[in-house]
Amino acid sequence: MLSKDLAICIRAVDYSETSQIITFFTRATGKISAIAKGSKRPKSAFDGPVEIFSHGEIVFSDSTREKLATLTEFEQQPGLSHLSNNLFALNCCLFGTELLNNLTNEYDPHPELFDSFLQFLQDANERRASSIEHRNVLALLILFQLALLKEVGLQPVLNACVNCKTRYEHRASLVRRSFGEGGSIEHRVYFSSSANGLICRDCENSFPDKIRLTKDAADCLTNLKLIAESNEKTLSEIEKILVYHFTEILHHPPKMAKYIIRDS
Ligand SMILES: [Zn+2]
C-alpha cells in the first residue's frame, strides 16, 4: 500500500553506494524508517540525496510495519540553506531533532508536533549569526522543547507547585504582602525533574533533585509569553534546567546538549 505524507528527514545514513536509510518524521504517520533506493545517484527520484532537515511530500510503501518502508517519491521543498552559516542555530536544530527522535515512537502520529517542529526549523533558519539572534534562537529552542514535552504527554506543571498545588502567582503575591510593597521579597521556587514541575519553598525538602530558579526564570516558565523578551542569561538558565530534565527523562545526557549550553 502506498501512503502519501508530509515529512521531515530527521536522520539519514548511507546504506550502500547508491542508497540511504532515512528516518522521517511525518505529519500523519509519525516517525518512519524508509529505504531510499538509488537516492545517491545523480538522477534520483528524490531530487538528489536526502539530508537531515530535507522536507516535503513523500510517497512510501509500508505494507509491513515490521520492515523498512520503501520511499518511492520525495518532492523536496527548498532547504534550510541559512543554517550552514549559523552554527548555533544549526546545533539548536540538531538538538531539537535528537530530542524529537528520542521521545517519539514509530507509527505514532503527532500532527501538531510536526507543525511545531517544521516551524521551529524554519524560524531558526531565518536567524542570522549574531549575539542578539543567538538569544532569539535559544528562545525558539526552549519553546520547541516545551511543545515537544506537551505533545508526548510529559508536559511539566509550571503554573503551581506540583506537590501542594499552590499557584505560582498566588504565592508571589502572598510573599509580597507579608513583606510590603518594595520590601525585600524572598523568592524561592524550584524545579524538580522527578516531580515534573515547579516546587514551592514549603515542599522543597521532599524533593532532593530540585534546582532553585531565579525569579526571572520562574516568571518565564509560568508565563511562556515572557520567553520572547527575556535576556540571554535567563534563557540560558532555563535551557540548563531543560537539559537536566531531558537527561533525567532519557536516562542519559542528550548528545547535542554540550553544544547549546555555554558554561559561564
Ligand atoms: Zn508546595
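Visitor: Among contacts in the chain with a separation of 6 or more, what percentage comes from residues 24 or more positions apart?
Guide: The model shown here is predicted. Its contacts with a separation of 6 or more can be sorted by how far apart the partners lie in the sequence, and residues 24 or more positions apart account for a stated share of them. That share is 59%.

Visitor: In what order do the helices and strands follow one another along the chain?
Guide: The chain has 6 helices and 8 strands. Read from the N terminus on, the elements run β-β-β-β-β-α-α-α-α-β-β-β-α-α.

Visitor: Which strands make up the closed barrel, and in what order do they run?
Guide: Strand β1 (residues 2–14) pairs with strand β2 (residues 20–26) in the antiparallel sense over 7 bridges. On another pairing, 7 bridges join β1 to strand β4 (residues 55–61), again antiparallel. β4 in turn pairs with strand β5 (residues 69–76) in the antiparallel sense over 6 bridges. The pairing in the barrel as a whole is mixed, and its 5 strands run β1-β2-β3-β5-β4.

Visitor: By what angle are neighbouring strands of the barrel turned against each other on average?
Guide: The barrel is closed and has 5 strands. With direction ignored, the average turn between neighbouring strands of this sheet is 55 degrees.

Visitor: Which residue in β4 is the bridge partner of Lys4?
Guide: Individual residues show how the barrel strands are matched. Arg11 stands opposite Thr23 in β2, and Gly56 stands opposite Gln76 in β5. For Lys4, the bridge partner in β4 is Val59.

Visitor: At about what angle to β1 does helix α1 run?
Guide: Helix α1 comprises residues 87–103 and lies across β1 and β2. These two strands are themselves paired in the antiparallel sense. Relative to β1, helix α1 runs at about 115 degrees.

Visitor: Which helix gives the largest share of the largest nonpolar core?
Guide: In soluble globular proteins, nonpolar side chains tend to be buried together. The largest nonpolar core here has 61 residues, and those with the most contacts inside it are Phe24, Leu71 and Cys92. The largest share of this core is 9 residues, and they come from helix α3.

Visitor: With which residues is Leu71 in contact, leaving aside its neighbours within four places in sequence?
Guide: Leu71 is one of the residues with the most contacts inside the largest nonpolar core. Leaving aside neighbours within four places in sequence, the contacts of Leu71 are Ile22, Ala34, Ile35, Ala36, Phe46, Ile58 and Phe60.

Visitor: Are α2 and α3 roughly parallel or roughly antiparallel to each other?
Guide: The axes of helix α2 (residues 111–126) and α3 come within 10 Å and cross at roughly 170 degrees. Residues of α2 that meet α3 include Leu113 and Phe120, and those of α3 that meet α2 include Leu140 and Phe144. Angles over 145 degrees count as roughly antiparallel. The two helices are therefore roughly antiparallel.

Visitor: Does Asn136 count as buried, partly exposed or exposed, and what is the reason?
Guide: Asn136 is found in helix α3. A residue is buried with 20 or more C-beta neighbours within 10 Å and exposed with 12 or fewer. Because Asn136 has 19 such neighbours, this residue counts as partly exposed.

Visitor: Why is one side of β7 and of β8 left without a neighbour in the sheet?
Guide: The open sheet of 3 strands has the order β7-β6-β8, with antiparallel pairing. Each of β7 and β8 has a single partner strand, so one side of each has no neighbour in the sheet; the reason is that β7 and β8 stand at the edges.

Visitor: Which residue in the turn of the β6 and β7 hairpin has a positive phi?
Guide: Strands β6 (residues 189–192) and β7 (residues 197–200) pair over 4 bridges. In this pairing, Ser192 has Gly197 as its bridge partner. The hairpin has 4 residues between the strands, and the residue in the turn with a positive phi, of about 60 degrees, is Asn196.

Visitor: Which residues of helix α5 are buried, and where do they lie around the axis?
Guide: Helix α5 comprises residues 215–222, and its buried residues are Ala217, Ala218, Cys220 and Leu221. An α-helix has 3.6 residues a turn, so residues three or four places apart point the same way. The buried residues cover an arc of only 160 degrees around the axis, which puts them on the same side of α5.

Key: Residues numbered from 1 in each chain as written. Predicted model: local features only at pLDDT ≥ 70, side-chain atom pairs only at ≥ 80, totals over all residues. Arc of directions from axis to C-beta. Core = buried A, V, L, I, M, F, W, Y, C linked by C-beta atoms within 7 Å. Contact = placed C-beta atoms within 7 Å. Pairing = 2+ DSSP bridges. Axes fitted to C-alpha atoms, helices over the stretch in contact; angles between N-to-C directions. Parallel < 35°, antiparallel > 145°, perpendicular 65-115°, else oblique.
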